[in-house]
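Let's take a walk through this fold, starting out in a loop and working our way inward. Keep the structure open beside you as you read.

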Amino acid sequence: MMESRCRQLHLRAPVVLWLLLSLALASPAAQQAAPPAAQAASAGTAEDVVRTLYRMVSFDAGKNVDWEQVKALFIPEAVIVLRASRASMNVLNRNTFVDDFVRFIRDAKLEDQAFEETIVAIKTQETGDVARSTVHYTARIPSRDRPAQHGIDVFLLMKADNQWRIVSIVNEIVRPGVDVPEEIRK
């Protein structure tokens, strides 16, 4: 009788282990440990990451931006330099970059309006695990009667763990005396 029970336990052990493993993987803790979709995506190209950023920060009226997904496009130590005025630049990290964008949306009362940043032209050069991307973009609020603001963003990216991530962005606004660079002029 004891031998029969031992044999039953021996036969059931793989089934029990399989069930325990299935339950563990389905648990909320295991689901929380899964990387965000932007991190889980295949590497693609550096340019794909840049294009994704512009797509992610553009939104339709009443829609929210997934700021955690935006952050996932950057390395944790990323540096973002944005033109604040004709005479000054703001140096941000990925968290303060998101905070600045959220503040812009709030202050411009865009929660129920759309916002678009559209790539006009882009030139990307990948060299091994590093890349540089220069972007001519326009930014506009479609519901307002103002022309789009033109700008230039220069991205540096790196590939780590088969993923392209943004290391830095330096931003400039196109204005008299600051033209679109020849390499991306259209």
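Lysine 109 has 59% relative accessibility, so it counts as exposed (over 50% is exposed, under 20% is buried, and anything in between is partly exposed, with a 1.4 Å probe and protein chains only). You'll find lysine 109 in the loop between α6 and β3. Its phi is near 55 degrees, a positive value in a residue other than glycine. Asparagine 162 is another non-glycine residue with a positive phi, about 65 degrees, and it sits in the loop between β5 and β6.

Before going further, a word on what you're looking at. This is a predicted model, in which local features need pLDDT of at least 70 and side-chain atom pairs count only at pLDDT 80 or more, while totals for chains, interfaces and linings use all residues. Residues are numbered from 1 along each chain as its sequence is written, and side-chain values use heavy atoms, with hydrogens and water left out.

How far can you trust it? The average pLDDT (the predictor's confidence in each residue, from 0 to 100) is 82, and 76% of the residues score at least 70. Among the elements, helix α1 (residues 2–26) has the lowest mean, 36, and α4 the highest, 98. Over residues 1–42 the pLDDT is below 50, and that stretch has 19 contacts in the model beyond near neighbours in sequence (a contact means heavy atoms within 4.5 Å).

Now the layout. The protein has 6 helices and 6 strands, taken as DSSP runs numbered from the N terminus (H or I of at least four residues for helices, E of at least two for strands). Along the sequence the pattern reads α-α-α-α-α-β-β-α-β-β-β-β. Of the contacts between residues at least 6 apart in sequence, 53% join residues at least 24 apart. Buried residues make up 33% of the 186 residues.

What happens to nonpolar side chains in soluble globular proteins? They tend to be buried together. Here, the largest nonpolar core (buried Ala, Val, Leu, Ile, Met, Phe, Trp, Tyr and Cys residues joined through side-chain atoms within 4.5 Å) has 37 residues, and Leu53, Val70, Phe74, Phe97, Phe155, Leu157 and Ile166 touch the most other members. The elements that give two or more residues to this core are α4, α5 (67–72), β1, α6, β3 (116–127), β4, β5 and β6 (163–173). Helix α4 gives the most, with 6 residues. For a closer look, try isoleucine 166: leaving out residues up to four places away in sequence, it touches Val49, Leu53, Leu73, Phe74, Ile75, Ala78, Phe155, Leu156 and Leu157.

Helix α4 deserves a look of its own. Its 12 residues reach 17 Å from first C-alpha to last, close to the 16 Å expected at 1.5 Å a residue (that expected span is 1.5 Å times one less than the number of residues). Its buried residues are Ala46, Val49, Val50, Leu53, Tyr54 and Val57. Seen down the axis, they fall within an arc of 135 degrees, so they line one face of the helix (the arc is that of the directions from the helix axis to the C-beta atoms).

Helix α6 can be read in a similar way. In α6, Phe97, Val98, Phe101 and Ile105 are buried, and they fall within an arc of 95 degrees, so they line one face of the helix. What covers them includes α4, α5, β1, β2 (88–92) and β3.

Finally, the rings. There are 9 aromatic pairs (rings of Phe, Tyr and Trp, using the six-membered ring of Trp, with centres within 6.5 Å; planes under 30 degrees apart are stacked, over 60 edge-to-face, the rest tilted). Tyrosine 54 and tyrosine 137 have ring centres 5.9 Å apart and planes at 45 degrees, so the pair is tilted. Tyrosine 54 lies in helix α4 (residues 46–57) and tyrosine 137 in strand β4 (residues 130–140), so the pair ties together parts 83 residues apart in sequence. Both tyrosines, 54 and 137, are buried. Phenylalanine 74 and phenylalanine 97 have ring centres 5.6 Å apart and planes at 55 degrees, so this pair is tilted too. Ring pairs also link Phe59, Trp67, Phe74, Phe97, Phe101, Phe104 and Phe115 into a cluster.
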